[in-house]
Each structure stands twice: as C-alpha cells, then as structure tokens.
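Student: Could you take me closely through the surroundings of the ligand, and then set that part in the context of the chain?

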Amino acid sequence: LNAVNTINNHELVKFKGFKLIMGIHDPEDVDQICNLEIRDSDVFVVTYPKSGTIWMQQILLLVEAKGDLAAISTFSNSELIPWIELDGRRQAFITAPSPRLRVTHLQYKFMPAALRQKKGKVIYVARNPKDVLVSYFHFHNIANMLETPKDFADFFEKFLRGDVFGCSWFEHIKTWCSQKDDMNMLFITYEEMIQDLKSAVERISVFMERELTDEQLANVVKYSTFKNMKKIPQANYEHVSPKMFSQHRGRFMRKGTIGDWKNHFTVAQNERFDEVFHREMKDCALSFIWDI
Ligand code: A3P
C-alpha cells in the first residue's frame with residue numbers, strides 16, 4: 001500500500017456520497033472503476049467491512065487451488081484477491097490474467113455497469129449488522145488508518161449514522177440488493193457460513209463453476225475454519241506494516257462467532273438499534289440470524 005505516511009491522519013474524504021480513506025484510496029482512480037471492461041470469468045466479492053471478507057478470500061483461493069493450502073501460502077489473501085478500490089489496483093486489474101478475483105467494499109454505483117448485464121460474477125457476503133458493528137469497533141483499534149473510537153457508545157452512534165469509512169451498513173446492503181436480480185449474484189451470509197461451512201463451500205464452488213472432489217471440498221472446509229485460519233499468517237495479514245495495523249492490539253481473526261453484540265450492547269442500545277433497523281429495512285425482505 002502506498003502513502004503509509006499519510007494514513008495516520010484518519011482523513012475520510014466524501015466522494016460521490018461515499019467516504020474514502022486518504023492515503024489508501026485515490027478518488028480519481030475509484031471514479032474510473034465503472035469504466036473497466038468485465039470478463040465473464042471475473043468474480044467480485046462484495047462486503048460491508050467486517051462481514052467476512054478475508055474468510056471469503058480464503059474460500060475462493062482454496063476453491064481455485066482445489067484445497068491445496070500450500071499453493072496459496074506464499075502471498076497474503078489481500079495480495080491474491082486484492083481490493084479493486086485500493087490505490088493502484090485498478091490498473092493491474094486491466095492486464096491481469098483470468099480469472100480475475102477481486103474484493104470490494106464500494107457501493108454498487110462505482111462498479112462497471114456490465115455487472116448488471118450479468119457479465120462476471122458477484123458474491124455478496126452479508127452479516128448481521130449488530131455483529132458487524134462490534135467487529136468494526138474492535139477493528140478501529142488495530143487499523144491505524146481509522147480513528148480510534150472514543151468509546152463503544154460513541155462508535156455505536158457513528159455506525160448508525162454511517163459516519164465511518166464508506167457509507168452506512170443499511171445503504172450498502174440496500175443498494176446492492178436492489179440490483180440483485182439483474183446480476184449474476186450469489187448472496188450468502190456470514191451466519192450461514194458459520195452454521196454449515198460445508199454447504200456454503202459447496203454453493204460457492206458451484207457458483208464459481210469449479211468441480212471439486214469430496215476430498216478437495218473437505219480440504220477447502222478444513223483450511224477455512226476459524227480455528228485453522230487463526231493459525232495462518234497470510235489470513236491474518238501478519239506481514240502488513242505495523243504502520244497500517246497495530247496487531248499487538250488485536251487480531252484480524254478476533255472471535256468469529258454469531259452474537260458477540262450481546263456482550264457489548266446495553267439494553268437501551270439494542271432497542272435503539274432495532275428501531276433504526278426496522279425503519280431502514282422495512283422495504284427489504286432480508287432476514288438475519290442474530291444469535292445461536
Ligand atoms: P470478529 O471481529 O467478529 O471476530 P472482514 O474480513 O470482512 O474484515 O471480517 C472480519 C470478521 O470475520 C472478524 O469477525 C473475523 O474474526 C471473522 N472471520 C474471519 N474468518 C473467519 C472464519 N473462518 N470463521 C468465522 N469468522 C471469521
């Protein structure tokens with residue numbers, strides 16, 4: 001990543017209604033993403049931050065490698081499946097060999113229109129937003145490009161207002177899902193993956209049009225469990241400069257559960273969250289698993 005020296009400014013710049021992080025995103029570059037030509041073999045993993053991005057990177061890499069962990073161990077997940085919006089990654093995308101696998105936190109409006117003509121594939125990973133909020137709060141403590149929250153209560157309000165990188169969780173999921181039927185999209189939730197990883201991996205490999213033997217499938221599942229990913233340096237971005245992430249303050253593979261919000265929310269915060277959720281999501285047919 002370029003410009004690591006400027007990341008500690010925590011500067012968010014609003015560009016077309018979406019807050020970018022200075023030193024990591026270049027608005028002019030982001031603005032050009034919509035002009036990229038899409039190949040049928042392209043795959044975009046779309047997530048709101050903290051919804052299972054690295055997990056899906058791990059699964060896709062293992063599916064491509066037919067379950068061979070050693071084959072994906074030389075580089076980190078983010079080098080092998082980069083964020084399209086990071087400074088300099090758009091140019092590399094143009095000439096990259098197929099299949100081009102990418103992740104993005106961007107809103108739909110920045111993406112190439114061809115996706116809506118069912119060119120390429122989109123995997124939208126959604127997670128219940130109470131757990132997203134908690135995971136995001138902890139992430140702000142290790143990610144040096146993001147402002148360290150004053151306290152949980154302060155971050156809670158910021159999250160609900162969408163006063164964070166990008167946009168609000170509600171806006172992200174609603175805008176992407178409103179285009180769902182026009183796209184070649186697999187919509188999958190973090191909770192489904194937790195509850196039945198094998199079925200999730202099967203669905204993903206079918207969507208990717210990759211045939212796996214039972215043994216290969218079992219290996220993909222094995223190396224993408226939380227327990228195993230916790231031990232894999234590449235999945236924890238351990239190589240990334242401490243200027244970017246202060247990993248002594250927390251880990252990428254933090255807790256990996258459903259319902260950690262219950263350990264953080266007060267009763268009043270929970271009521272307030274539910275009220276905002278129902279208001280924002282009233283026209284959206286999605287349902288979430290909040291605890292197990
Ligand atoms: P927690 O902070 O709740 O533990 P992202 O990759 O989008 O930043 O998401 C990070 C979240 O996904 C973290 O959540 C992380 O622990 C969780 N995660 C990553 N790999 C996982 C896995 N194999 N199983 C369960 N959760 C996983």
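Tutor: The shell around the ligand comes first, followed by the annotated domain and a hairpin. The model is predicted, so local features need pLDDT of at least 70 and side-chain atom pairs count only at pLDDT 80 or more, whereas totals for chains, interfaces and linings use all residues. Residues are numbered from 1 along each chain as its sequence is written.

The ligand is surrounded by 21 residues, a residue being near a molecule if its C-beta atom, placed from the backbone, lies within 6 Å of it. The closest are Thr53, Ser135, Phe226, Arg254 and Gly256. At least two residues of this shell come from each of α2 (53–64), α5 (129–142) and α11 (226–229); helices are DSSP runs of H or I with at least four residues, strands are runs of E with at least two, and both are numbered from the N terminus. By class, the shell holds seven nonpolar, nine polar and five charged residues, where Ala, Val, Leu, Ile, Met, Phe, Trp, Tyr, Cys and Pro count as nonpolar, Asp, Glu, Lys and Arg as charged, and the others, Gly among them, as polar.

An unreviewed UniProt entry annotates residues 40–284 as "domain: Sulfotransferase", and such annotations may be inferred rather than shown by experiment. Over residues 40–284 the chain is 41% helix and 8% strand, with the end C-alpha atoms 29 Å apart.

Strands β1 (residues 12–15) and β2 (residues 18–21) run antiparallel and are joined by four bridges, two strands being paired if DSSP finds at least two bridges between them. Lysine 14 has lysine 19 in β2 as its bridge partner, and in the turn of this hairpin, which has two residues between the strands, lysine 16 has a positive phi of about 50°.
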